Amino acid sequence: MEPAVTRSAPAGAGAPAGAGAPAGAGASTGAGVPPAIELRGLVHGYGGPPVLAGIDLDVAVGRVVALHGPNGAGKTTLLRLLATRLRPVRGHARVLGHDVVRQAHEVRARVATLPVYGGAYGALSGRENLRLGVALRGGGEDAAAVDRALERVGLTAAADHLVRAYSSGMRKRLALARLTLADAPVWLLDEPYAALDEQGQALVDALLAAARDDGRTVLVASHDLPRSLATADAVVEIAGGHLRVMARPTRARGATAAVRGDAAIDGDAPTGGDPPAGAEA
């Protein structure tokens, strides 16, 4: 059986923007279908060696991709770049065909983010936070939708309590409710399981499955590899500024991401029950 992950030459830190499509990009997205997320020669740093040193990545529409790497590897940086909260030093990134720098407004209208610490206003109640989030995205008043979101995440009883009295897990549940209300085609999730109990973690699993069924594209930064293997269509890792594919689980429906750099997914290669041969090489 051929491995689902194949090796290729690493992309250099100075790789020019648009240097070419990643290996397997056509297989990942389908003929004539642009990727939901497209990175070309993406470089970003904070004054020292680049955190992201020329990353190329395609993620097909409707896939869940888990992003792994040690602390400080650049997972949150990548999510913030895609959310238009940072600007790349070099290279470019597109979300559903829209450039994150030149078309930032269009990108923001198409992505919903989940920050690791929740990102709610402590002086407002949970319900007020959700209503504000809907209004900031240009949505109309929909009290029933807010009620359903609160019930879905288990916060109905605490809906009118001030968020400053919430535990960290309750804040994360509130952030999950805000995520579902955004109704965005692309989700960018930073450590969605952090601070949650087992029931809350199962809720995240269910939301990821529902997002895939709804055709959303999800990029999830995580440290929980077993859970990623169980829920994601592909698992990729950032290390040393570069990106490689770690695994494509058996449950994946075809190739999800294509990477030119440390590794590439072969869209026609079969998958096995264990991490693919060479994935840890």
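**Chatting through a predicted model, starting at Trp-187**

User: Hi! Which residues is Trp-187 in contact with, leaving aside its neighbours within four places in sequence?

Analyst: Hello! Beyond those neighbours, Trp-187 is in contact with Ala-112, Leu-179, Leu-207, Ala-211, Arg-216, Thr-217, Val-218 and Leu-219. Please keep in mind that this is a predicted model.

User: Got it. And which residues touch the most other members of the largest nonpolar core?

Analyst: Trp-187 is on that list, together with Leu-150, Leu-174, Leu-176, Leu-189, Leu-208 and Val-218. The core holds 35 residues. At least two residues of this core come from each of E4, E7, helix H5 (143-152), H6, E8, H7 and E9.

User: Which element gives the largest share?

Analyst: That is H6, with 6 residues of this core. There is also a second, separate core of 31 residues, and its members include Val-59, Leu-67, Leu-82 and Leu-243.

User: Let's stay with H6. What does it lie across?

Analyst: H6 lies across E7 and strand E8 (186-190), and its direction is at about 175° to E7.

User: Thr-180 caught my eye. Where is it, and is it buried or exposed?

Analyst: Thr-180 is in helix H6, which covers residues 168-182. Thr-180 counts as buried because its relative accessible area is 19%, and the cut-off for buried is under 20%. Outside its neighbours within four places in sequence, Thr-180 is in contact with Ala-149, Arg-152 and Leu-207.

User: OK, switching to the strands. In what order do they come in the open sheet of 6 strands?

Analyst: The order is E7-E8-E9-E4-E10-E11, and the pairing is mixed. At the edges are strand E7 (111-114) and strand E11 (242-247), each of which pairs on one side only. On average, neighbouring strands of this sheet are turned by 20° against each other, direction ignored.

User: How many bridges join E4 to E9?

Analyst: There are 4 bridges between strand E4 (residues 64-68) and strand E9 (residues 217-221), and the two strands run parallel. As for residues in those strands, Leu-67 has Ala-221 in E9 as its bridge partner.

User: I see a histidine in E4 too. Is His-68 buried or exposed?

Analyst: His-68, which is in strand E4, is buried, because its relative accessibility is 6%. Leaving aside neighbours within four places in sequence, the contacts of His-68 include Lys-75, Ser-222, His-223, Asp-224, Glu-237 and Met-246.

User: Lys-75 is in a helix, right where H2 starts. How many of the residues of H2 are buried?

Analyst: Helix H2 (residues 75-82) is mostly covered, with 6 of its 8 residues buried. Those are Lys-75, Thr-77, Leu-78, Leu-79, Leu-81 and Leu-82.

User: What about the backbone just after H2?

Analyst: There you find Thr-84, with a positive phi of about 70°. Thr-84 is placed in the loop between H2 and E5, and Thr-84 is buried at a relative accessible area of 15%.

User: Why does a positive phi get a mention?

Analyst: Most residues other than glycine have a negative phi. Another case in this model is Glu-191, whose phi is positive at about 50° although Glu-191 is not a glycine. Glu-191 is found in the loop between E8 and helix H7 (198-213). Glu-191 counts as buried because its relative accessibility is 16%.

User: You mentioned E5. Is Arg-90 in there buried or partly exposed?

Analyst: Arg-90, in strand E5 (residues 90-95), counts as partly exposed because its relative accessibility is 40%. The C-alpha atoms of Arg-90 and Leu-52 are 9.9 Å apart, and these residues are 38 residues apart along the chain.

User: Last topic, the whole protein. How many helices and strands does it have, and what percentage of residues count as buried?

Analyst: The protein has 8 helices and 13 strands, and 51% of its 281 residues count as buried. The exposed area is about 12000 Å², and carbon and sulfur atoms supply 53% of it.

User: And what percentage of contacts join residues at least 24 apart?

Analyst: Counting contacts between residues at least 6 apart in sequence, 67% join residues at least 24 apart.

Definitions and conventions:
Residues are numbered from 1 along each chain as its sequence is written. This is a predicted model: local features need pLDDT of at least 70, side-chain atom pairs count only at pLDDT 80 or more; totals for chains, interfaces and linings use all residues. Side-chain values use heavy atoms; hydrogens and water are left out. Buried means under 20% relative accessible area, exposed over 50%, partly exposed in between (1.4 Å probe, protein chains only). Contact means heavy atoms within 4.5 Å. Accessible areas come from the Shrake-Rupley method with a 1.4 Å probe; for residues, only the protein chains shown count as cover. Two strands pair if DSSP finds at least two bridges between them. Axes are lines fitted to C-alpha atoms, for helices over the stretch in contact, and angles run from 0 to 180 degrees between N-to-C directions. A nonpolar core is a set of buried Ala, Val, Leu, Ile, Met, Phe, Trp, Tyr and Cys residues joined through side-chain atoms within 4.5 Å.
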